[in-house]
Amino acid sequence: MILFLLALVAISCQQKEEVRLIISNPLDHQRNDAIILLTRSAIENWIQLADGMIPVLTDTRGETIPGQLDDVDGDGNWDE
């Protein structure tokens with residue numbers, strides 16, 4: 001089983017908030033490129049994002065994990 005430890009870090013002008021997530025793979029084979037979708041509402045349940053700030057994902061070594069923001073409802077704000 002692959003075990004990833006992700007740190008969700010929101011960068012703000014005054015402070016950094018950090019949330020640690022543990023993502024595991026219940027399957028019998030590796031899934032190195034699996035997609036993990038986090039909604040904005042779920043993220044905002046964990047941390048408060050200042051206007052214009054976005055979450056940054058890092059791995060256990062502190063390296064940034066590539067991601068993207070999607071505006072699924074077309075209102076000009078990211079939703080996931």
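**Confidence, fold and a buried aspartate**

Among the elements of the protein, helix H1 (residues 40-46) comes out with the highest mean pLDDT, at 89, while strand E1 (residues 3-11) sits at the bottom with 37. The pLDDT stays below 50 over residues 1-14, yet this stretch still makes 56 contacts in the model beyond near neighbours in sequence. Since this is a predicted model, those confidence values are worth keeping in view. For the protein as a whole, the mean pLDDT is 78, with 79% of residues at 70 or more.

As for the overall layout, the protein has 3 strands and 1 helix, arranged along the sequence as β-β-α-β. Of its 80 residues, 21% count as buried. About 6200 Å² is exposed, and 49% of that comes from carbon and sulfur atoms. Among contacts with a separation of 6 or more, 45% link residues 24 or more positions apart.

One residue to pick out is Asp 79, found in the segment after strand E3 (55-58). Asp 79 is buried but has no salt bridge. Its nearest side chain of opposite charge belongs to Arg 40, 6.1 Å away; the cut-off for a salt bridge is 4 Å. What the side chain of Asp 79 does reach is the backbone nitrogen of Asp 73, at 3.2 Å. With neighbours within four places in sequence set aside, the contacts of Asp 79 are Thr 39, Arg 40, Asp 70, Asp 71, Val 72 and Asp 73. Arg 40 thus turns up in the contact list of Asp 79, even though no salt bridge is formed by Asp 79.

Methods
Residues numbered from 1 in each chain as written. Heavy atoms only, no water. Helix = DSSP H or I, 4+ residues; strand = E, 2+ residues; numbered from the N terminus. Buried < 20%, exposed > 50% of the residue type's maximum accessible area, 1.4 Å probe, protein only. Contact = heavy atoms within 4.5 Å. Areas by Shrake-Rupley, 256 points an atom, 1.4 Å probe, with all protein chains shown as cover. Lys, Arg positive; Asp, Glu negative; His and termini not counted. Polar contact = N/O pair within 3.5 Å; in protein donor to acceptor, adjacent residues only side chain to side chain. pLDDT = per-residue confidence, 0-100.
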